[in-house]
Each structure stands twice: as C-alpha cells, then as structure tokens.
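Visitor: I am new to this structure. Could you walk me through it, one question at a time?

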Amino acid sequence: MTKSHPSASQPSTPTAEPGETGCAGGLTVLDPVLDPPPGLPGPADAPEAGADDPTAPSTAVQDRLAGRLSDITSLHEHTERLAHARGLTATLDAVLASGAALLGAGRGVLVTLLPGGGPGQPVGLGLDRASLGALETVPTEQSLLARLLRDQDRPEQLHSVDLAEDPAVGNRLRELAVHLGLGGAYGLPLATAEEGPLAAAVWFYDRPAEPTECQRELARHYCGIAAPLLAKQLEADRTRRTTEALRRGLLPDHLPQTAGLRLAARLLPAGLDRSSGSDWYDAIPLPDGTVGLTVGSVSGDGLGAGPGSAPGAAAAMGRIRAALRAYAVLEGEDPVSVLGDLELLLKTTEPTRTATAVYAWVEPEERRVTLAGAGHCPPVLVGRHGAEFVETSLSAPLGMLACWEAPGVEFTAGRGDTLLLYTEGLARRCGPTLHAGQANLRRAAADAPRDVRIDPDRLCAHLLAVCPAPNAAPATDDLLLLAARFE
C-alpha cells in the first residue's frame, strides 16, 4: 500500500481496465492546450515543415482535445447525477457508483465520519451485508478507510495493485482480499477545508490492477466536488435526526399498565421536510382509576402553511398535548369539556393553528367509554364478530369556529373488544380517499386473524402492514394508531 502524490516528474503506470472509456491521459482536466502532460505532443514537438506527415501535429492536438472533452463530459455527467441526489443515502450511493465508473472499478465501500469521531455504518457497492460486516473486522491500524479519515497526516490517496500480495497491507485485510476476491484497491478521502474529513471511499478491482493517472485525476476532481455537497447532506441529516428525537420526546415514552386494559401504539412520523403537521397520542391515568385516551393532529402556521412548517407544528403539538393532560385530570369524565377547554387554549395561544382530536374517558372495570371528537376520524371498535365505527357527531376541527362544542358518545365495550384511535394520515394511507381509507382500515381490522386481534400490539403492526401506501411517494402525514383492548 502506497501513498500517491501526483507529480509531472513521475510517469504514470498505464493499467487501464478493459472496457474503460477513453481517457486523454495525464492531468486532462486542468492542463491547458499549450501545456500538455508528459508523453503527449505539444507545439514544441511539431515536426518541421516539409516533414513526411505535415498533418500529424494537428491530428494529435485534435485527439487530445477530443480526449479532454470526453473526460470533462464524463465528469460533468457524474456531478449532475450527484447534484440531483436527494437525501444522504442517495448522495452516498451516487458517490460510490460514480467513483467506480470513473475509476473502472467494480466494487466499493464508503463510510462517513461520526460527529464524535470514528467511522459510521459502511455503505457498499457490489458488496453484500456479510462482506461489509467482514470488512468492519479489519483492525483500525490496518483499515484503509480509517487512514483516509484521519484529521492529521491524512493521505491524499491510497492505492494497492494487489491487496492479497501487498506487504504493506495487514494480515486481516490480506485474508479478506483472498476471501472476497478483491484485487487492486484505490481510496480517496472526502474532506473540505472548513469541515475537515467527512467520509472516505475505497474502490476495488476484481483482479490485481490500479487506475491510470487520468482516472485518478477524474476521481479526485469528482470527490472534490462531492465533498461540500456531502457536508450539506450530513448536516441536514443530523438536524433531521435531532429534530425527530426531540419530537418523539414530546410523546409518551411508555403507556400505563392498567388492570382490565391493554394498550399499544404505533407512530411512523413523516419527514419534517415534507410534512406540515404533527400528530400526538396519549394514555392518561386519572386519579379515580379511570384512563383518558387521546389522539390528535396539529397543523397550520398561518396562511400558506405547508411542508417546512412541521417543526413549528411539532412544538405546538407538545404544548397542546401537555395542556390536554391537565384538562383531562381536571375534567376527565367529560370529554366535551376537555376538548372545549383545549379549543379555548388553541384560539388564545395558537391562533394560526388548527387541530383535530378525539378524547375518550374509559372505565376499564366496567368497560364503559365516553368520547368526543373534533373534526377527527371516527374510532373503530373491533369485536369478536367484526369491526364497526364509533360514530362521533360531525364537528369542525378545534380553532375553526367561534365556539366549539359537540355532544359526546357513550357505549359499553364487550370483554375482548379493542378500541382503535387513529389519525387522518393512516386513513389516507389505506385508500385513495379519506372515506375509502377509513373503510379499508375498518375492514382490515375485522379481517385480522384471531391471534392478532387479541393482541393490541400485534394488531397495530398488522394494520400498518396491510394498509400500504397507494403509491410510492414519500409520506406527508404521520401514521398513528392507538389500540386499547378490554380484558
């Protein structure tokens, strides 16, 4: 394993892979026409007038220009592909695939540097999960990726003609090269002056080989362009993960254990860059031994609210849920009063937002339920012989009218029945329209196998699995389901 520092005084080793695209050779992207790389003719090399072939100089220059144009076109195509990648995963995949194409390699591995230091989860090209796991067993002192991620003494590039026979490669890496059929290797860091090392990539040939100087130069230029784009994607990914963690922190970390009632919940949040709202769920143990169950959704951020307003909606969701818990303790047995108080709070403190909600007051021992809804999807009661909607009265969402009020609904569940509360995002996932999605969700709950219906946790997982999105577009609404089974 050797470090390479390109220099005009050092001849390159022409070891191009079979089938590689044409390459002008040398520093084809940077050098001007009048300053050709070593080995190619320039103006000073032109034969004197009267030579046997006076057209040779112009033909050589044209060939060089054609080669340069091909190189630049190839680099442009790959950087365009990178610029159109959406999200961190797509960006990493693009870097690996384009690097392999520019180098004429068949496989590769890339790791990003974690904020606390050390490599993250590897991403592979032409390497399955087992192969990537095997490469992770290489000790740090032998790892090519670890060397490329150094903050100090970081090599500009690493290459080996034959990993299995390279005396500079550690024993473990040589063993894996034989086991995985890895021949030559070429690695580059992805770093910026501001951020330092961001990631490292190593590409592998299937037999002993190394890239030509032209291929190396193209790959270096590509990684130089990719590094700042990768820095933005890594920052966006860290922000998204932090925000999602904070949003999940606003929801219950566990559901209470209550005699006579088994609870389960599922929440699949939409990406904050695509969603314009935020859903909540809660199960509130009340002083008299009863339980308050609620799900709801907050949206809006003034006129024109849409994707990008979700972080503010998530913060508002946390405030509204906290207030609802207080109102539930004060007036838990009267769902209409709980939602009425929440309406007043919303109009007073969150005037640019609206919310849909359902609140149910449950007496587990008697299996008695009293609930009210505000512009929300009707709950589903799953029993031994099927499933039916619990029809709440039609009402507007909270924050839409001068004064919200709607009558409550009271019923008694049977032993073994399960009450499902869900938000609009799940219903819309289950069908092309909201009404069709609600019907499909009810049907899926009714048709669930008996061993699934008697377990609220399995029932939640089953309904999410059998209600796939009608298309492959990313979800723009949270998917939320709260199940309460009466024992």
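Visitor: How many of the residues of strand 5 are buried?
Guide: This is a predicted model. Strand 5 covers residues 185-192 and is mostly covered. Buried here means under 20% relative accessible area. The number of buried residues, out of 8, is 7.

Visitor: Which residue of strand 5 stands opposite Leu158?
Guide: Strand 4, residues 158-160, pairs with strand 5 in the antiparallel sense. The pairing runs over 3 bridges. Opposite Leu158, in strand 5, stands Gly187.

Visitor: How many residues lie between strand 5 and strand 6 in their hairpin?
Guide: Strand 6 takes in residues 196-204, and 8 bridges join strand 5 to it in an antiparallel run. Within this pairing, Ala191 stands opposite Pro197 of strand 6. The two strands form a hairpin, and the number of residues between them is 3.

Visitor: Which strands stand at the edges of the sheet with the order 8-9-10-11-14?
Guide: This open sheet has 5 strands with antiparallel pairing. Each edge strand has a single partner, so one side of it is left without a neighbour in the sheet. Those strands are 8 (277-285) and 14 (409-412).

Visitor: By what angle are neighbouring strands of that sheet turned against each other on average?
Guide: The sheet is the open one in the order 8-9-10-11-14. Direction is ignored for this value, and the average is 15°.

Visitor: What is the bridge partner of Val369 in strand 14?
Guide: Strand 11 spans residues 368-374. It runs antiparallel to strand 14, joined by 4 bridges. Val369 has as its partner in strand 14 Phe411.

Visitor: Which strands are the edge strands of the sheet in the order 7-16-15-12-13?
Guide: This sheet is also open, with 5 strands and antiparallel pairing. Its neighbouring strands are turned by 20° against each other on average, direction ignored. An edge strand here pairs on one side only, as do strand 7 (261-268) and strand 13 (386-389).

Visitor: What is the bridge partner of Thr418 in strand 16?
Guide: Strand 15 (residues 418-422) and strand 16 (residues 479-486) pair in the antiparallel sense. They do so over 5 bridges. In strand 16, Thr418 is partnered by Arg485.

Visitor: Which strands does helix 12 touch where it packs on the sheet?
Guide: Helix 10 (residues 434-447) packs on this sheet, touching strand 12 (380-383), strand 13 and strand 15. Helix 12 (residues 456-466) packs on it too, and its direction makes about 30° with that of strand 7. The strands touched by helix 12 are strand 7, strand 15 and strand 16.

Visitor: Are helix 2 and helix 6 roughly parallel or antiparallel?
Guide: Helix 2 (residues 88-103) and helix 6 (residues 213-249) pack with their axes 10 Å apart. The angle between them is about 175°. Angles over 145 degrees count as roughly antiparallel. Therefore helix 2 and helix 6 are roughly antiparallel.

Visitor: How many residues of that contact are nonpolar?
Guide: Helix 2 brings residues including Leu88, Leu92 and Val95, while helix 6 brings Leu218, Tyr222 and Leu230, among others. In the contact of helix 2 with helix 6, 5 residues are polar and 2 are charged. The nonpolar residues number 12.

Visitor: Is Arg216 buried or exposed?
Guide: Arg216 of helix 6 is among the residues in contact with helix 2. Its side chain also meets that of Glu210 in a salt bridge (2.9 Å, N to O). Glu210 has 7% relative accessibility and counts as buried. Arg216 has a relative accessible area of 9%, so Arg216 is buried.

Visitor: How many residues apart in sequence are the parts tied together by Arg319 and Glu350?
Guide: The side chains of Arg319 and Glu350 meet in a salt bridge (2.7 Å, N to O). Arg319 lies in helix 7 (residues 310-331), and Glu350 lies in the loop between helix 8 (335-349) and strand 10 (354-363). So the pair ties together parts whose separation in residues is 31.

Visitor: How many salt bridges does a search of the whole structure find?
Guide: One of them joins Arg172 and Glu175, with the closest N and O atoms 3.6 Å apart. A network of salt bridges also links Arg262, Asp455, Arg485 and Glu487. Across the whole structure, the search finds 20.

Key. Residues numbered from 1 in each chain as written. Predicted model: local features only at pLDDT ≥ 70, side-chain atom pairs only at ≥ 80, totals over all residues. Heavy atoms only, no water. Pairing = 2+ DSSP bridges. Axes fitted to C-alpha atoms, helices over the stretch in contact; angles between N-to-C directions. Parallel < 35°, antiparallel > 145°, perpendicular 65-115°, else oblique. Contact = heavy atoms within 4.5 Å. Nonpolar A, V, L, I, M, F, W, Y, C, P; charged D, E, K, R; others polar. Buried < 20%, exposed > 50% of the residue type's maximum accessible area, 1.4 Å probe, protein only. Salt bridge = Lys/Arg side-chain N within 4 Å of Asp/Glu carboxyl O.
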